[in-house]
Amino acid sequence: MKLATLKDGSRDGQLAVVARDLKTAHIADGIAPTLQAALDDWAFVAPQLAFLYDELNAGRARRSFEFDPGRCMAPLPRAYQWADGSAYVNHVELVRKARGAGMPASFWEEPLMYQGGSDDFLGPQDDIVLAREEWGIDFEAEVAVVTGDVPMGATPDEAYRQIRLLTLVNDVSLRNLIPDELAKGFGFLQSKPATSFAPVAVTPDELGDAWKGGKVHLPLRSIWNGRPVGQPDAGVDMVFNFPQLIAHLAKTRNVRAGSIVGSGTVSNKDASKGYSCIAEQRCLETIEHGSAVTQFMRFGDTIRIEMLDEQGKSLFGAIEQKVARLEADAS
């Protein structure tokens with residue numbers, strides 16, 4: 001099934017079930033008021049949502065309406081946890097190679113992961129509002145999963161069974177702030193502003209054969225200012241699958257329902273597949289020519305991130321955002 005959260009003036013929005021073709025929707029307030037409430041009682045709530053989903057797809061839902069992605073918040077407008085991995089080690093290797101650094105063997109044996117802010121997610125068509133272009137504004141196209149309760153010390157197999165939903169992410173990065181932050185040895189903070197999400201989150205069965213081995217085996221498309229710049233396959237070159245990422249997160253803590261775990265920037269070794277973030281393209285330019293040519297995003301730039309199924313139909317809807325300047329408070 002496919003689920004969305006619609007804007008209703010509240011912080012957490014209103015849960016809706018969305019048809020498979022993304023054309024119609026139905027409010028699910030009679031089942032659960034919010035997606036977090038549904039996740040908290042998934043065994044009881046999910047079958048009811050699935051029944052409504054079947055009715056909607058069959059055209060029998062009496063209060064259905066046209067689905068508008070512009071009305072969507074992030075599926076979880078705020079979450080208890082947002083942890084982003086770096087499962088595509090090729091991406092990490094390129095970044096390190098561009099600055100003349102080697103790859104520690106441990107990077108291939110254990111995932112990299114950081115914990116980001118989860119109190120203020122952006123919807124699929126919300127502007128990326130920032131104060132300065134010179135911070136080095138970059139998009140990052142990713143896949144993410146939403147979990148149920150995962151106990152501390154869970155194995156990847158146990159973690160796999162707690163994957164409730166999948167969605168797409170634009171994990172915006174401010175590249176020119178990252179070096180100084182990492183040099184302090186305490187990780188990302190200001191260099192990682194609000195993260196953006198696709199209009200809908202889907203249960204794994206919606207992906208059919210594309211969901212295999214804890215990975216999504218489909219291209220992830222990025223279109224920057226109307227120009228396609230990348231379509232790497234999310235299932236290729238993913239060194240750590242989602243169950244492994246979740247198990248890594250749960251090594252020393254319980255992971256509660258509604259936690260979001262990201263894949264990191266989708267990246268293929270085959271450079272002809274393009275890029276899912278500008279930094280990767282700049283690294284390739286630096287390696288080949290000694291310096292980067294491609295510039296980071298400017299105010300007014302747009303980014304579209306989307307994944308199509310094998311029939312060419314959008315699975316999650318599209319993230320479609322514009323970079324906007326933060327306006328000073330006139331008061």
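Student: Let's start on the hairpin side of this predicted model. Which residue in S17 does Ile223 stand opposite?
Tutor: S16 covers residues 221–224, so Ile223 belongs to that strand. S16 and S17 (residues 227–230) pair in the antiparallel sense over 3 bridges. Across from Ile223 in S17 stands Pro228.

Student: Which residue in the turn between S16 and S17 has a positive phi?
Tutor: The two strands form a hairpin with 2 residues between them. Most residues other than glycine have a negative phi. Here the turn goes the other way, with a phi of about 50 degrees, at Asn225.

Student: Where else should I look for a positive phi? Say, what is the phi of Leu22 near?
Tutor: Leu22 sits in the loop between strand S2 (14–18) and strand S3 (24–27). Leu22 counts as buried, with a relative accessibility of 14%. Its phi has a positive value, and Leu22 is a residue other than glycine. The value is near 65 degrees.

Student: And Asp237: is that one buried, exposed or partly exposed?
Tutor: Asp237 also has a positive phi, near 65 degrees, and is found in the loop between S17 and helix H6 (242–249). Buried would need under 20% relative accessible area and exposed over 50%. Asp237 comes out at 25%, so the label is partly exposed.

Student: What order do the strands of the open sheet with S16 and S17 take?
Tutor: This sheet has 5 strands, and the pairing is mixed. Strand S7 (128–130) and S17 are the edge strands, each pairing on one side only. From one strand to the next, the twist averages 25 degrees. Read across the sheet, the order is S7-S20-S19-S16-S17.

Student: Over at the S7 edge, which residue in S20 is the bridge partner of Leu130?
Tutor: Strands of a sheet can pair either parallel or antiparallel. S7 and strand S20 (residues 319–325) take the parallel sense, over 3 bridges. The S20 bridge partner of Leu130 is Arg325.

Student: Now the rings. How many residues apart in sequence are the parts that Phe139 and Trp224 tie together?
Tutor: The structure holds 6 aromatic pairs, one of them Phe139 with Trp224, which is edge-to-face at 6.0 Å centre to centre and 65 degrees between the planes. Phe139 lies in the loop between strand S8 (137–138) and strand S9 (141–147), while Trp224 is in S16, so the pair links parts whose separation in sequence is 85 residues.

Student: What are the relative accessible areas of Phe139 and Trp224?
Tutor: The cut-off for buried is under 20%. Both partners pass: Phe139 is buried, and Trp224 is buried too. The values are 1% for Phe139 and, for Trp224, 9%.

Student: Which residues form one aromatic cluster?
Tutor: Rings pair if their centres lie within 6.5 Å. One cluster comes out of this, and its members are Trp82, Phe121 and Phe197.

Student: Which residue lies over the face of Phe188?
Tutor: For a Lys, the test is that NZ is within 6 Å of the ring centre and within 35 degrees of the ring normal. At 5.2 Å from the ring centre of Phe188, the residue over its face is Lys192.

Student: How many of the residues of S9 are buried?
Tutor: Ala141, Val143, Val145 and Thr147 point one way from S9, while Glu142, Ala144 and Val146 point the other way, and all are buried. S9 is therefore largely enclosed by the rest of the structure. The count is 7 of the 7.

Student: In S18, what is the bridge partner of Val145?
Tutor: S9 is joined by 7 bridges to strand S10 (residues 163–170), antiparallel, with Ala144 partnered by Thr167 there. S9 also runs antiparallel to S18, joined by 3 bridges. In S18, the partner of Val145 is Val261.

Student: Last one: which residues is Ser263 in contact with, leaving aside its neighbours within four places in sequence?
Tutor: Ser263 follows in the loop between S18 (259–262) and helix H7 (278–289), and counts as buried at 0% relative accessibility. H6 is mostly covered, with 6 of its 8 residues buried, including Phe242 and Leu245; both of these touch Ser263. The contacts in full are Asp84, Gly85, Ser86, Ala87, Tyr88, Glu142, Val143, Met238, Phe242 and Leu245.

Key
Residues are numbered from 1 along each chain as its sequence is written. This is a predicted model: local features need pLDDT of at least 70, side-chain atom pairs count only at pLDDT 80 or more; totals for chains, interfaces and linings use all residues. Side-chain values use heavy atoms; hydrogens and water are left out. Rings of Phe, Tyr and Trp (its six-membered ring) pair if their centres lie within 6.5 Å; planes under 30 degrees apart count as stacked, over 60 as edge-to-face and the rest as tilted. Helices (H or I, at least four residues) and strands (E, at least two) are DSSP runs, numbered from the N terminus. Buried means under 20% relative accessible area, exposed over 50%, partly exposed in between (1.4 Å probe, protein chains only). Contact means heavy atoms within 4.5 Å. Two strands pair if DSSP finds at least two bridges between them. Axes are lines fitted to C-alpha atoms, for helices over the stretch in contact, and angles run from 0 to 180 degrees between N-to-C directions.
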